[in-house]
Amino acid sequence: MFGNNGHAPWREILLHSFQSLFLITSPSFLYTMGSILRAPPKVTAAEAVLPGNGMLSAEDAPKGPSSKLFTPLKIGNGTLTLSHRVVLAPLTRNRGVPLNPNATLSAPNRTWYPDALVTEYYTQRTTPGGLLITEGLPPSLESNGMPGVPGLWCAEQVAGWKAVVAAVHAKGGYIYAQLWNAGRASIPQHTGMPTISAAATPYEGDEVYPYPPPGSSEQVRYASFPPTELSHAGIGKQIADYVNAAKLAVQECGFDGVELHGGNGYLPEQFLSSNINTRTDDYGGTPEKTLSFCAGSHGSAC
Ligand SMILES: Cc1cc2nc3c(=O)[nH]c(=O)nc-3n(C[C@H](O)[C@H](O)[C@H](O)COP(=O)(O)O)c2cc1C
């Protein structure tokens, strides 16, 4: 989906974002989808490098400047041609600026936006014709899994990301926005609202949220703050938030594409995981229903 060059219609976000999820950044999502739909083919390491299956052994593959890494690649259903295949993976940097500089411990800041430092970070990594994928951008307050992450729902965030995109484009690079909904991988002290997930399934074990809550020096266990099961209206809101952020990304900020983060145990994967998603309604219980949230969010974002 490339809103800025006029080549691709909105419906291509579906194909594009799935392509990105599959090929670039979320192997766990790919694995989960694959294991639901069909059993993975059994290929041994030795077979994988045999002549005739289209793959070259590491020994035979061209090296250095003649490597395929440095050849063009069409993405986004052929609407964008990268000059090479070295892609910056999405990396959370926690470098956002607090929107509320007067935050107090009792009313902490919960929204961050990107400033010149973030622009510098992405510009430094830009190459002509190369693709960057942003860190995961929460599309709402409740979806945010960490402090310091610049999201994409308010005017200050749009202005900041617009500057990032302009700087990357000025160097000849391309940049996609990754949208990230942490679901139950957050805590209410951080977002200011109940934690959400596919079901009210708490974390198992003693894993702790990486940042102490505002005003505390003690880390808290995720399990101490079980999520609330999303209602159908709540699911609709999460999807609407993705759609809103995708529109802001393409139409306002000028991003070349959008990716919905589908792996690493965050909300879409929480819907795909049978140990978390215990629903028996339209969003769980069968492989098709288990996929509904992902299909719905991608389809709607188109
Ligand atoms: C500090 C850090 C932050 C990351 N942030 C994100 C993120 O925001 N979104 C995402 O999809 N992956 C994120 N990842 C995962 C990376 O993009 C990458 O997939 C992971 O490091 C595995 O890459 P590798 O298989 O090349 O080692 C992060 C990884 C690290 C180490």
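**A guided look at a buried sheet**

Visitor: Which residues of E6 point one way, and which the other?
Guide: Tyr-174, Tyr-176 and Gln-178 point one way, while Ile-175, Ala-177 and Leu-179 point the other way, and all are buried. Keep in mind that this is a predicted model.

Visitor: What makes E6 "largely enclosed" by the rest of the structure?
Guide: Look at the count. A residue is called buried if 20 or more other C-beta atoms lie within 10 Å of its own. Six of the six residues of E6 are buried, so the strand is largely enclosed.

Visitor: And how do you know that E5 is largely enclosed?
Guide: Same kind of reasoning here. Seven of the seven residues of E5 are buried, so the rest of the structure largely encloses E5 too.

Visitor: Why is E9 called covered on both faces?
Guide: Take each side in turn. Gly-257 and Glu-259 sit on one side of E9, Val-258 and Leu-260 sit on the other, and all are buried.

Visitor: How do you know that E5 and E6 pair?
Guide: Count the bridges. Two strands pair if there are at least two bridges between them. Five bridges join E5 to E6, and these strands run parallel. For a spot to look at, find Leu-131, which stands opposite Tyr-174 in E6.

Visitor: What joins E6 to E9?
Guide: Four bridges do, and again the strands run parallel. At least two bridges are needed for a pair, and E6 with E9 has four. Tyr-176 has Gly-257 as its bridge partner in E9, and Gln-178 has Glu-259.

Visitor: What makes E5 and E9 edge strands?
Guide: The sheet is an open one with three strands, in the order E5-E6-E9. Strand E5 (131-137) and strand E9 (257-260) each pair on one side only, and that earns them the name. On average, neighbouring strands of this sheet are turned by 25° against each other, direction ignored.

Visitor: Which pieces make up the right-handed β-α-β unit?
Guide: Follow the chain through E5, then helix H5 (residues 155-170), then E6.

Visitor: Which residues touch the most other members of the largest nonpolar core?
Guide: That core has 45 residues, and Leu-179, Ala-249, Phe-255 and Val-258 touch the most other members. Elements giving two or more residues to the core include E5, H5, E6, E9 and helix H7 (232-253). H7 gives the largest share, eight residues.

Visitor: What makes the phi of Asn-94 worth pointing out?
Guide: Most residues other than glycine have a negative phi. Asn-94 is not a glycine, yet its phi is positive, about 55°. You'll find Asn-94 in the loop between strand E2 (80-82) and strand E3 (97-98).

Visitor: Where is Asn-264 found?
Guide: In the loop between E9 and H8. Asn-264 also has a positive phi of about 55°, although it is not a glycine.

Visitor: Why is Asn-94 called partly exposed?
Guide: Buried starts at 20 neighbours, exposed means 12 or fewer, and partly exposed is in between. Asn-94 has 13 other C-beta atoms within 10 Å, so it is partly exposed. Asn-264 has 18 other C-beta atoms within 10 Å, so it is partly exposed as well.

Visitor: Why does Glu-120 count as partly exposed?
Guide: Glu-120 has 13 C-beta neighbours inside 10 Å, so it falls in the partly exposed range. This residue lies in helix H4. Glu-120 and Ala-167 are 47 residues apart in sequence, but 8.4 Å apart in space, C-alpha to C-alpha.

Visitor: Which residues come nearest to the ligand?
Guide: Ten residues surround the ligand, and Ala-89, Pro-90, Leu-91, Thr-92 and Gly-136 come nearest. The shell divides into three nonpolar residues, six polar and one charged.

Technical notes. Residues numbered from 1 in each chain as written. Predicted model: local features only at pLDDT ≥ 70, side-chain atom pairs only at ≥ 80, totals over all residues. Near = placed C-beta within 6 Å. Nonpolar A, V, L, I, M, F, W, Y, C, P; charged D, E, K, R; others polar. Axes fitted to C-alpha atoms, helices over the stretch in contact; angles between N-to-C directions. Right-handed = clockwise from strand over helix to strand, strands pointing away. Core = buried A, V, L, I, M, F, W, Y, C linked by C-beta atoms within 7 Å.
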